[in-house]
Amino acid sequence: MNKLKLVLDSSALIGGFLPEEDEYYTVSDVIDEVEDCQSKERLSYFLNSGKIKIKEPKKEIVDEVIKKTQKTGDQLSLTDIKIIALAVELDSPIISEDYGIQNVSSLINVKYKSIREPGIKKIINWEYYCMGCRKIYSNTRKTCQDCGSIIKRRPKK
Ligand SMILES: [Zn+2]
């Protein structure tokens, strides 16, 4: 039987993910995002034993994912984007606890799994609203241009 290829993001590793029989991949940036000693130690053990492999996604796929991310308004780090791009390249599911990654993944038909949460079921498009005057923005910003209050995000109906 062919082994399943799976892509891991930092939230899965921090969440205590343990590899099983499948093949696991991640990008090198994830190593910097895993900061607590226990997760770091576990990750370096799996990297050294070859259980988790490091692979960088192709640049053109990264660029493609960046474009799609801009449509949903999800705030993803470059690491998150690389993770998604790697999943596209390998045609593999992502294991992630991050709703932003899950959201963009479902938008571009990448499957994802969560190690503890049930995950989201539909694509969320975010909208940004002012906590003061309730003005709605389609893109994120720190403060409202009318009243200067803080901008929050919520799923668009
Ligand atoms: Zn305002």
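Strands β1 (residues 5-8) and β2 (residues 23-26) pair in the parallel sense, with three bridges between them. The model in which they appear is predicted. Within this pairing, Lys5 stands opposite Glu23 of β2. Strand β2 also pairs with β3 (residues 52-54). That pairing is again parallel and runs over three bridges. Here Thr26 has Ile54 of β3 as its bridge partner.

An annotation covers this region. The unreviewed UniProt entry records "domain: PIN" for residues 4-103. Helix makes up 54% of the span, and strand makes up 13%. The C-alpha atoms at the two ends of residues 4-103 lie 22 Å apart.

The domain assignment divides the chain in its own way. Domain 1 is given as residues 5-113, and domain 2 as residues 126-155. Between their C-alpha centres the distance is 30 Å. Five residues of domain 1 and four residues of domain 2 take part in the contact. The area buried between domain 1 and domain 2 is about 340 Å². Carbon and sulfur atoms give 32% of that area.

Which interactions cross the interface of domain 1 and domain 2? One salt bridge is found there. Residue pairs in polar contact, both at pLDDT 80 or more, number zero across this interface. A salt bridge links Asp74 and Arg153, whose closest N and O atoms are 3.9 Å apart. The salt-bridge rule accepts a nitrogen within 4 Å of a carboxyl oxygen, whereas a polar contact requires N or O atoms within 3.5 Å. The pair Asp74 and Arg153, at 3.9 Å, therefore counts as a salt bridge.

How values were computed
Residues numbered from 1 in each chain as written. Predicted model: local features only at pLDDT ≥ 70, side-chain atom pairs only at ≥ 80, totals over all residues. Heavy atoms only, no water. UniProt positions renumbered as here; feature names shortened; annotations may be inferred. Helix = DSSP H or I, 4+ residues; strand = E, 2+ residues; numbered from the N terminus. Pairing = 2+ DSSP bridges. Domains from an automatic or database assignment. Contact = heavy atoms within 4.5 Å. Buried area = accessible area lost by both parts, 1.4 Å probe. Salt bridge = Lys/Arg side-chain N within 4 Å of Asp/Glu carboxyl O. Polar contact = N/O pair within 3.5 Å; in protein donor to acceptor, adjacent residues only side chain to side chain.
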